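Colleague: I have the model open and would like to go through it with you. Could we start with the terms and then move to particular residues?

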Amino acid sequence: MIDGTAGVSGRRDADEALLDNPQALAEADPGGMLRHTASAGAQVRESAALAAEANLAVLADDGRPRAVVIAGIGTAGRTGDVLATVAGPRCPVPIIGHRSAGVPGWVGAADVVIAVSASGRSPEALGAAEAAHRRGARLVAVGAPDSQLQSIAEQARAPFIPVPRRAPARASLWALTVPVLLAARSLGLVKVNEADLAETAARLDADADRCRSAAESFVNPAKSLALGLAGSIPIVWGSSPLATVAARRFGDTLSANARYPVVTGALGEAGRGRVGLLDGVFGGLAEGERDIFADPAEDDGEGTRLRLVLLRDGGLNAEDDTDEPLAVEERRADAVQTLAERRGVRCDVVTAEGGSALERLASLIAVPDFASIYLALAHGLDPMAVPAITEMKELSNQ
Ligand SMILES: O=P(O)(O)OC[C@H]1O[C@@H](O)[C@H](O)[C@@H](O)[C@@H]1O
């Protein structure tokens, strides 16, 4: 039942001109999501410094763990995906993301639990930290200073990395991720050195500059990606496990910031099933019937079409870092582009850059992060305040 109390506002059609009006953009973004997103590089540096102050070395005292569990929900949970992909297939212990309260039943003294929560109060992270302590597992906690999570970590005498709270959690991905990586580094599970962190931060800074609100659409990759996606159903596929983490992140931000439905996943998996979407009513069938001379302004929504966003790893990773030959990934990515082209489905490609896994991941996340915000702004949506999330919390008492 629609009873009109939801307070949903915005424009169905994207206002392209607004994206080239920095003042209008600033007014449409009262919470400063563009600014917060532009702080990604600074977040890497700040969190690296904060993690250096925490006594992460104690983690190594009991040697290599049996498994590492990353506990948290939403963006906090995504940090586990980042750790798993940066650690790569050669990581000697399993890295497991856990997104519900508590920890898996098998967790015990041989394991490490990293509890992550931007607010320091998600029931999932708190429940996991308490359970880890109870079961004698080694615990590390990452989140807001002076939070419940910090208290639990202190009671457990566990390292706590205080990450200052700045915006919605999804604008703090990098601030939350770096302490998780550095905790795993202390355990000898991941190779992330100071140069990797510095280069990743510099990459994020450079991308924030290219995506700044004063840079016009034709030179701004995030604005052009947003305008390409406007009015379509985005399908975001990653060519490799690393690119798939970025694809899932784009799914998070497109849904929460821009409020777009989105299909995300790994291209390898999609090629055995979901790729069929390209043949369907929103794919090839819609494109086949499209009148190329029709006025887009008169599009009544019936012409909703897919738009493929392909995140390509670029084939820069060392051969022994991957469980699949690079040539296979590359061929598959070329193939899906050909499929899209044959059906008239438009496709945007973002290709990773950089030497380390972390930097490559950053290069696949930065532009899409900004694009999700520009898409929200073009529709007159405040990318920060999401009524449905707030309402969901109120109605379910979370
Ligand atoms: O990191 P926190 O504070 O535990 O929050 C986890 C998630 O909690 C949800 O309520 C928010 O909508 C997400 O954006 C967030 O990522």
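Modeller: Helices and strands here are DSSP runs, with at least four residues in state H or I for a helix and at least two in state E for a strand, and they are numbered from the N terminus. Please bear in mind that this is a predicted model.

Colleague: Good. Where is the place of Ser-232, then?

Modeller: Ser-232 is in the loop that runs between helix H9 (221-229) and strand E6 (233-238).

Colleague: And is Ser-232 buried or exposed?

Modeller: Ser-232 counts as buried because its relative accessibility is 5%, and the limit for that class is under 20%.

Colleague: What lies 2.6 Å from a polar atom of the Ser-232 side chain?

Modeller: That is the backbone oxygen of Leu-229.

Colleague: Let us turn to the ligand. Which residues surround it?

Modeller: The surrounding residues are Ile-73, Gly-74, Thr-75, Ala-76, Ser-117, Ala-118, Ser-119, Ser-122, Ala-169, Ile-389 and Lys-393. By class, the shell splits into 5 nonpolar, 5 polar and 1 charged residue.

Colleague: Which helices each supply at least two residues of that shell?

Modeller: Helix H4 (75-87) and helix H15 (387-395) each do so.

Colleague: Which polar atoms lie 2.6 Å from an oxygen atom of the ligand?

Modeller: One is a polar side-chain atom of Ser-117, at 2.6 Å from a ligand oxygen. Ala-118 also has a backbone N or O atom 2.6 Å from an oxygen of the ligand. In Ser-119, an N or O atom of the side chain is 2.6 Å from a ligand oxygen. As for coverage, the ligand on its own has 390 Å² of accessible area, and the protein covers 79% of that.

Colleague: And which pocket does the ligand sit in?

Modeller: The ligand occupies the second largest pocket.

Colleague: Now the backbone. What is the phi of Asp-146?

Modeller: Phi of Asp-146 is near 55 degrees, a positive value although the residue is not glycine. In general, most residues other than glycine have a negative phi.

Colleague: Where does Asp-146 lie, and is Asp-146 buried or exposed?

Modeller: Asp-146 belongs to the loop between strand E4 (138-143) and helix H6 (148-155). With a relative accessible area of 74%, Asp-146 is exposed, since that class begins over 50%.

Colleague: What about Arg-259, which also has a positive phi?

Modeller: Arg-259 has a phi of about 60 degrees and is not a glycine either. The loop that holds Arg-259 joins helix H10 (241-258) to strand E7 (263-266). Arg-259 counts as partly exposed because its relative accessibility is 29%.

Colleague: Changing topic to aspartates: what does the side chain of Asp-111 reach?

Modeller: The Asp-111 side chain reaches the backbone nitrogen of Ala-67, at 3.2 Å. Asp-111 sits in the loop between strand E2 (95-98) and strand E3 (112-117), and its relative accessibility of 0% is why Asp-111 counts as buried.

Colleague: And the side chain of Asp-15, which backbone nitrogen does that one reach?

Modeller: The Asp-15 side chain reaches the backbone nitrogen of Ala-17, at 3.2 Å. Asp-15 is in the segment before helix H1 (22-28) and is partly exposed, with 27% relative accessible area.

Colleague: How far apart in space are Asp-15 and Pro-123?

Modeller: Their C-alpha atoms are 39 Å apart, with the two positions 108 residues apart in sequence numbering.

Colleague: Which helix is Gly-41 in, and how far is Gly-41 from Ala-362 in space?

Modeller: Gly-41 is in helix H3 (residues 40-53). The C-alpha distance from Gly-41 to Ala-362 is 9.5 Å, although they are 321 residues apart in sequence. Gly-41 has 0% relative accessibility and therefore counts as buried.

Colleague: Next, Leu-285 and Gly-344: what separates their C-alpha atoms?

Modeller: The separation is 9.4 Å, for two residues 59 positions apart along the chain. Leu-285 is part of helix H12 (residues 284-289) and, at 48% relative accessibility, counts as partly exposed.

Colleague: Last one: where does Val-309 lie?

Modeller: Val-309 is in strand E8 (residues 306-312). Its relative accessibility is 0%, so Val-309 counts as buried. From Val-309 to Arg-342, 33 residues apart along the chain, the C-alpha separation is 16 Å.

Definitions and conventions
Residues are numbered from 1 along each chain as its sequence is written. This is a predicted model: local features need pLDDT of at least 70, side-chain atom pairs count only at pLDDT 80 or more; totals for chains, interfaces and linings use all residues. Side-chain values use heavy atoms; hydrogens and water are left out. A residue is near a molecule or strand if one of its heavy atoms lies within 4 Å of it. A polar contact is a pair of N or O atoms within 3.5 Å; within protein, one must be able to donate a hydrogen and the other to accept it, and residues adjacent in sequence count only if both atoms are side-chain atoms. Accessible areas come from the Shrake-Rupley method with a 1.4 Å probe; for residues, only the protein chains shown count as cover. On a 1 Å grid over the protein atoms alone, a cavity is a set of points where a 1.4 Å probe fits but cannot get out, and a pocket is an open set with protein on both sides within 12 Å along at least five of seven lines; lining residues have an atom within 4 Å of a point. A molecule sits in a cavity or pocket if more than half of its atoms lie within 2 Å of its grid points. Ala, Val, Leu, Ile, Met, Phe, Trp, Tyr, Cys and Pro count as nonpolar, Asp, Glu, Lys and Arg as charged, and the others, Gly among them, as polar. Buried means under 20% relative accessible area, exposed over 50%, partly exposed in between (1.4 Å probe, protein chains only).
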